[in-house]
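Here is a short report for someone meeting this structure for the first time. Take a look at the sequence and the model before reading on.

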Amino acid sequence: MTFTDDADARTADQLRAAGSLKWSQFPDRIGAFVAEADFGTAPAVSAALHAAVDAGRLGYQSPADVDRMAHAFAGFAEAHHGWTVPVDRVRPLPDVFTAFRAAIEQFTSPGAAVILPTPAYMPFLTLPGSLGRRVIEVPLVEVDGRMTHDLAGIGRALDDGGELLLLCNPHNPTGRVLDADELSGIAAVVDAHGGRVFADEIHAPLVYPGRAHLPYAALSPVTAGHAFTATSASKAWNIPGLKAAQLVLSNDADAERWATIGEEYEKGASTLGLIAAAAAYTDGRDWLAEAVHYLDGNRRLFAELVADRLPTVGFTPPEGTYLGWLDLRDVGLGDRPARAIPGVALTDGLACGAAGAGFARVTLATPRPVLRAIVDHLAATIA
Ligand SMILES: Cc1ncc(COP(=O)(O)O)c(C=O)c1O
């Protein structure tokens, strides 16, 4: 069975019965809020997990598993992004959220500000406050129909006590994949103010034809010097529950510091997660290509359906990620339109920051029949 046949054959009832977060939190609605995909994972990942369970590999994280994961990620980064990463600079973490916490705790001072270009991945808005830091939201600006970072706004935020910029690329929720000029512009502003960048590249494997992911830390010695990069196989191979992300340390000072403080953060990475990540990055690449191909079809189909049936809704197909950012400001449903649409559970745009008022986020990593049903629900309310 091809990837497409397998994906298309999965029904909403089957997905609901399987019990993922996406399909169980709102049992009477189609799950389209959380960033989970409905396609399972690569056969190579499943096989590695089955073998590990059969071999009783359910103990603590071992240095050998960390090493295999680091080699696998370094090989993938080289092959996919042309990024040469020394294996000893790839460290395990349970998740990207923990990497963000580490960046805040280790690279910002109490009371300092974390700069969040918005709209942003929802939990990033609340974590800094719980760690005694402020958040400065800097809304993205639309330039020639594309959402871009506001360099002047970031500069002002750095002047106003901002010490760490969150740079999410590919971007959740807008789906933008930043080009070299945009990244260089950000690097110049941050460098001029002596700031740091937390580069969240969790969606890096999910980029569509016509665009390429450029790792921020790989851009120049300047970016390598101030970046703290986190990524994971969790989105592309749909294994977020396994808890194993990758931290990439791109300068000597961070590597030395991490060697003394990293253990507390690293130990949350699970053995099965490390095994799954190693399998994904090495033997899961063909499956990834098929998944990206299917998702490419989904973003195009969704754009066609929206243009055809929802002419008042703004939608630009994502350049990367399987997330869609719906501009519902002209449909008359107010600042929180997601709540007014029954039948489908979307993410409220305001949860992504003030800039998200009137928007909603939709997860497009779903079988195409379900994608059509999502549009049916939108059309039933909006038309
Ligand atoms: C941009 C972005 N960063 C981080 C996360 C969270 O990742 P993790 O589960 O590894 O903390 C997500 C999850 O959707 C995400 O989209």
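The report below goes from the overall build to the domains, their interface and some local details.

## Overall build

This is a predicted model. The protein has 15 helices and 14 strands. Its radius of gyration is 20 Å, close to the 21 Å that the globule rule gives for 383 residues, so the protein is as compact as a globular protein of that length. Along the principal axes, the C-alpha atoms fill a box of roughly 60 × 55 × 35 Å.

## Two domains

The protein is divided into two parts. Domain 1 covers 3–42 + 285–382, and domain 2 covers 47–283. Domain 1 is thus written as two stretches of sequence. The centres of the two domains, taken over C-alpha atoms, are 25 Å apart. Their contact draws on 28 residues from domain 1 and 37 residues from domain 2.

## The interface by area

The size of an interface is often given as the accessible area lost when the parts come together. For domain 1 and domain 2, the buried area is about 2,800 Å². Carbon and sulfur atoms account for 58% of that area.

Three residues of domain 1 stand out here. Arg-285, Glu-319 and Thr-321 supply 30% of the area that domain 1 buries against domain 2. No other three residues supply more.

## Polar links across the interface

Three salt bridges are counted between domain 1 and domain 2. Arg-146 also has a salt bridge to note: its partner is Glu-319, and the closest N and O atoms are 2.9 Å apart. Across the interface there are 15 residue pairs in polar contact.

Which elements of domain 1 each supply at least two residues of the side that touches domain 2? They are helix H14 (285–309) and strand E11 (323–327). H14 gives the largest share of that side, with seven residues. By residue type, the side of domain 1 that touches domain 2 divides into 15 nonpolar, seven polar and six charged residues.

## A salt bridge between distant parts of the sequence

The salt bridges in the model come to 21. One pair is Arg-91 with Glu-266, whose closest N and O atoms are 2.8 Å apart. Arg-91 lies in strand E2 (residues 90–93) and Glu-266 in helix H12 (residues 263–266), so this pair ties together parts that are 175 residues apart in sequence.

## Backbone details in loops

Where do the cis peptide bonds described here fall? One joins Thr-118 and Pro-119, with omega about 5°. Pro-119 sits in the loop between strand E3 (113–118) and helix H7 (123–130). Another cis bond runs from Asn-172 to Pro-173, with omega near 15°. Pro-173 sits in the loop between strand E7 (162–168) and helix H9 (180–192).

Asp-144 has a backbone feature of its own. Its phi is near 50°, a positive value in a residue other than glycine. Asp-144 is found in the loop between strand E5 (141–143) and strand E6 (146–148).

Technical notes
Residues are numbered from 1 along each chain as its sequence is written. This is a predicted model: local features need pLDDT of at least 70, side-chain atom pairs count only at pLDDT 80 or more; totals for chains, interfaces and linings use all residues. Side-chain values use heavy atoms; hydrogens and water are left out. Domain bounds come from an automatic or database domain assignment. Contact means heavy atoms within 4.5 Å. Buried area is the accessible area (1.4 Å probe) that two parts lose on being put together, summed over both. A salt bridge is a side-chain nitrogen of Lys or Arg within 4 Å of a carboxyl oxygen of Asp or Glu. A polar contact is a pair of N or O atoms within 3.5 Å; within protein, one must be able to donate a hydrogen and the other to accept it, and residues adjacent in sequence count only if both atoms are side-chain atoms. Helices (H or I, at least four residues) and strands (E, at least two) are DSSP runs, numbered from the N terminus. Ala, Val, Leu, Ile, Met, Phe, Trp, Tyr, Cys and Pro count as nonpolar, Asp, Glu, Lys and Arg as charged, and the others, Gly among them, as polar. The radius of gyration is taken over C-alpha atoms; the globule rule is 2.2 Å times the number of residues to the power 0.38.
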